[in-house]
Amino acid sequence: MRAAPNSAGAAAERRTRIHVVSDVHGNTEALARAGEGADALVCLGDLVLFLDYADHSRGIFPELFGVENADRIVALRTERRFEEARDLGRELWAGMDRNSAIVAAVRKQYAEMFAALPTPTYATYGNVDIPGLWPEYAGPGTTVLDGDRVEIGGRVFGFVGGGLRTPMRTPYEISDEEYAAKIEAVGEVDVLCTHIPPDVPELTYDTVARRFERGSGALLAAIRRTRPRYSLFGHVHQPLVRRMRIGATECVNVGHFASTGTPWALEW
């Protein structure tokens with residue numbers, strides 16, 4: 001975190017700087033540096049690396065089933081052959097305690113990543129995260145928010161975690177109604193922080209995966225209605241557009257941190 005100012009005059013003029021990351025997917029080394037030079041770190045989820053679509057040798061899936069099977073399942077999902085992908089998954093998991101194997105691997109990743117988070121960190125869940133495990137690993141310097149608000153440097157930040165239901169069936173997908181209720185609970189804020197983007201084609205299309213990810217219509221409606229200064233999100237790793245305005249709101253995909261290792265900075 002940033003060093004304290006040297007004088008009262010510097011303190012009066014000092015600006016607030018926040019670093020924002022999303023889609024960490026196991027990049028613990030970069031996460032440990034993400035707060036350098038900032039007053040706080042904001043993390044918008046997806047700490048877990050289940051399967052790296054760029055490097056099929058990384059993640060829980062190839063550790064359990066090998067790179068060849070990772071190649072196969074990525075190909076099926078990319079071609080949107082979800083039923084065949086599920087059939088392959090059932091075949092591979094047969095005879096194994098799936099839940100126990102996944103939770104054990106996630107615990108190992110969480111232990112490393114939460115230990116790397118700086119103080120203070122404000123975090124919400126991604127769609128591949130397991131919220132029930134977070135209280136075991138989030139230390140006193142990490143504030144977990146989901147459908148909640150917090151003031152940072154005089155501005156109000158709202159947080160909504162998770163994703164909407166998809167054929168991928170990732171761990172933290174919820175109904176449109178439940179997601180909309182969390183957006184409503186946050187209300188009017190200066191900075192609206194979510195894992196998934198608003199439901200705008202340019203923001204939801206992944207140019208490498210060649211598919212639209214699910215964005216939220218409730219989030220888009222809230223942006224138009226409450227007009228926050230910023231809407232910050234991740235989820236779409238290689239979006240068609242990383243930044244665009246919706247009315248008075250600057251909408252920013254804060255990046256696939258696993259790949260870039262560089263946080264997005266917000267200063268005022």
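The legends below describe the whole chain and several close-up views of a predicted model.

**Figure 1. Overall fold of the chain, with 11 helices and 15 strands.** The radius of gyration is 19 Å, close to the 18 Å that the globule rule gives for 268 residues, so the chain is as compact as a globular protein of that length. Along its principal axes, the C-alpha trace spans about 65 × 35 × 30 Å. Of the 268 residues, 52% are buried. Among contacts between residues at least 6 apart in sequence, 58% join residues at least 24 apart. The accessible surface comes to about 12100 Å², and carbon and sulfur atoms account for 48% of this area. The chain carries 30 positive and 36 negative side chains, and the centres of these two sets lie 4 Å apart.

**Figure 2. The aromatic pair of Tyr110 and Phe114 in helix 6.** The structure holds 12 aromatic pairs. In one of them, Tyr110 and Phe114 meet edge-to-face, with 5.5 Å from centre to centre and 80° between the planes. Both residues belong to helix 6 (residues 98-116), where they are 4 residues apart, about one turn of the helix. Tyr110 has a relative accessible area of 0% and is therefore buried, since the cut-off for buried is under 20%. Phe114, with a relative accessible area of 5%, is also buried.

**Figure 3. The aromatic pair of Tyr110 and Trp134.** The ring centres of Tyr110 and Trp134 are 6.2 Å apart and the planes stand at 85°, so this pair is edge-to-face. Tyr110 lies in helix 6 and Trp134 in helix 7 (residues 134-137), so the pair ties together parts that are 24 residues apart in sequence. Trp134 counts as buried, at 1% relative accessibility. Ring pairs link Tyr110 and Trp134 with Phe114, Tyr125, Tyr137 and Tyr172 into a cluster.

**Figure 4. Surroundings of Thr207.** Thr207 sits in the loop between strand 10 (205-206) and strand 11 (211-212). Its relative accessibility is 37%, so Thr207 counts as partly exposed; the class runs between the 20% and 50% cut-offs. Leaving aside residues up to four places away in sequence, Thr207 touches Gln238, Pro239 and Leu240. Tyr172, a member of the aromatic cluster, is 35 residues from Thr207 along the chain, and the C-alpha atoms of the two are separated by 24 Å.

**Figure 5. The cis peptide bond between Thr119 and Pro120.** Most peptide bonds are trans. The bond that joins Thr119 and Pro120 is cis, with omega at about 0°. Pro120 lies in the loop between helix 6 and strand 3 (121-123).

**Figure 6. Positive phi at Arg169.** Most residues other than glycine have a negative phi. Phi of Arg169 is near 55°, a positive value in a residue that is not glycine. Arg169 is part of the loop between strand 7 (163-164) and strand 8 (173-174). With 60% relative accessibility, Arg169 counts as exposed, because the cut-off for this class is over 50%.

**Figure 7. Positive phi at His235.** His235 is another residue other than glycine with a positive phi, here near 75°. The residue is found in the loop between strand 12 (230-233) and strand 13 (243-246). His235 counts as buried, at 12% relative accessibility, whereas Arg169 counts as exposed.

Key. Residues numbered from 1 in each chain as written. Predicted model: local features only at pLDDT ≥ 70, side-chain atom pairs only at ≥ 80, totals over all residues. Heavy atoms only, no water. Phe/Tyr/Trp six-rings, centres within 6.5 Å; stacked < 30°, edge-to-face > 60°. Helix = DSSP H or I, 4+ residues; strand = E, 2+ residues; numbered from the N terminus. Buried < 20%, exposed > 50% of the residue type's maximum accessible area, 1.4 Å probe, protein only. Rg over C-alpha atoms; globule rule 2.2 N^0.38 Å. Contact = heavy atoms within 4.5 Å. Areas by Shrake-Rupley, 256 points an atom, 1.4 Å probe, with all protein chains shown as cover. Lys, Arg positive; Asp, Glu negative; His and termini not counted. Charge placed at Lys NZ, Arg CZ, Asp CG, Glu CD.
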